[in-house]
Amino acid sequence: MGRPATHDVPRQGSRSGPVRLADVAQAAGVSRPLASRVLNGDPAVRAAPETKARVLEAADRLGYVPHVGARSLRSSRTGLIGLVVHDLSSPIYLELMRGARAEAARHNYFLVLGDVDELLDDDDAFTIFISGRRVDGIVVQGGHGEFDLRVDEIARALPTVVVNAPTAESDTVTQVFPDEVAATRMLTEHLLGLGHRRFGLVTGPRRSTTSLLREKGITAALADAGLELREEDRVHGPWTADAGRAGLVELIRRWDGDPQRPTAVIAGNTLIGIGMLGAAAAQGWSVPDDLSVAAVHDTWVSEHLVPALTTVSLPLYDVGVTAVRTLLSGAPGGTRIELSDPPPGLHPRASTQGPPALDHARHDPHPSGIEKPAGGGPS
């Protein structure tokens, strides 16, 4: 039988980046998963000897350098897995950490925590953590812009699973993420069910994958109701309480004197929602009498706020479990797992209720923080 046709792929030195597994698979005329298993020496792979030889020859001819994969987890084992997130002090990631720790322990691994922002600010720390073989693999939070640009670099040095939000398609990166669109759709539909028809949004950076997906869920739910999220009713910023406070102050400034202003605002995460509650109080607005506030992510803090914050929870514990399990299984780069089971969960609390009746004669809060006249609020 004749040899399958192959496609010429330039050697590593003649292309803009390193030779990819997909290049080897294409040159050998096989699928990418099969090429991966052959190059990793998987004894259970079902492939004819000539097929294996063709894959190995193509890799040698193209100058392919195999990524560190499952074999590195079985040899030179440190017994440590890195979990790198944004802001280790945030209560948002506690469930993710719990799930990852539980699954790591089940396989006799320990979890080592790292902070994305610290690694970005300290090149030496980044090099030591990623290239120093201090951990056997890494679970890293994606969807936050600058660090996403370095994910491929990390994945070529260590077995890597990205969690939180999908990044761009990649041969090197394995991804596990919740259904962000379903979460914000659920939150928006809850507010629509209460009677709200115009919405505001304070969320993360405009180019963040997480922000884009959460906005998509909101706009989709509104479109189904014949409504829209206006650009002037959106504010983008960091994923922090300070940004939530500043974002709501900015929206209040824009709404000054508008009888058709939004009656509900969605926060991109709980930290932003906490800042918004503080800003509302400082500006003389009552939540939920003047404005309903709801947020993505449910934390133990949410029900202890005043008022208690309405949220939608994502299955972060399950994301942590699945991420570590996927990492240790040696799943090939390019694997994408979206968790839709369990689905997001709605947690209605005191920060949301039906909309106030707005008109020029009723409560018109001022962005300067001037307190409203006695008796001037909506009924």
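The following exercises, each with a worked solution, concern the sheets, helices and cores of a predicted model.

Residues are numbered from 1 along each chain as its sequence is written, and side-chain values use heavy atoms, with hydrogens and water left out. In this predicted model, local features need pLDDT of at least 70 and side-chain atom pairs count only at pLDDT 80 or more, while totals for chains, interfaces and linings use all residues.

**Exercise 1. Determine the strand order of the open sheet that contains β1, and state which strands form its edges.**

Step 1. Helices (H or I, at least four residues) and strands (E, at least two) are DSSP runs, numbered from the N terminus. Two strands pair if DSSP finds at least two bridges between them.

Step 2. The sheet has 6 strands in the order β2-β1-β3-β4-β5-β11, and the pairing is parallel. Its edge strands are β2 (110–115) and β11 (336–339), each of which pairs on one side only. From one strand to the next, the twist averages 20°.

Step 3. Strand β1 (residues 80–85) is joined to the parallel strand β3 (residues 137–141) by 4 bridges. V84 has V140 in β3 as its bridge partner.

Step 4. Helix α5 (residues 94–106) lies across β1, β2 and β4 (160–163) and runs at about 170° to β1. Such angles run from 0 to 180 degrees between N-to-C directions, with axes fitted to C-alpha atoms, for helices over the stretch in contact.

**Exercise 2. Locate T203 in its strand and sheet, and decide whether T203 is buried or exposed.**

Step 1. T203 belongs to strand β6 (residues 199–203). The open sheet with the order β7-β6-β8-β9-β10-β12 has 6 strands and mixed pairing. Because β7 (234–236) and β12 (345–347) each have a single partner strand, one side of each edge strand is left without a neighbour in the sheet. The twist in this sheet averages 15° from one strand to the next.

Step 2. Strands β6 and β7 pair in the parallel sense over 3 bridges, and the bridge partner of T203 in β7 is H236. Helix α10 (residues 209–224) packs on the sheet, where it touches β6, β7, β8 (264–267) and β9 (292–296).

Step 3. With a relative accessible area of 2%, T203 is buried (under 20%; exposed is over 50%, partly exposed in between, with a 1.4 Å probe and protein chains only). Beyond four places in sequence, the contacts of T203 (heavy atoms within 4.5 Å) include S211, E215, V235 and W239.

**Exercise 3. Identify the residues with the most contacts inside the largest nonpolar core, and the element that gives this core its largest share.**

Step 1. A nonpolar core is a set of buried Ala, Val, Leu, Ile, Met, Phe, Trp, Tyr and Cys residues joined through side-chain atoms within 4.5 Å.

Step 2. The largest core has 36 residues, and L96, V139, V163, F199 and I266 have the most contacts inside it. Helix α13 supplies the largest share, 5 residues. A second, separate core of 22 residues includes V235, I252, L277 and L305.

Step 3. Among the residues that V163 touches, beyond four places in sequence, are L96, V139, V319 and A323. Both V319 and A323 are among the buried residues of α13. This helix (residues 316–329) has 14 residues and reaches 20 Å from its first C-alpha to its last, close to the 20 Å expected at 1.5 Å a residue; the expected span is 1.5 Å times one less than the number of residues. G330, with a positive phi near 70°, follows α13.
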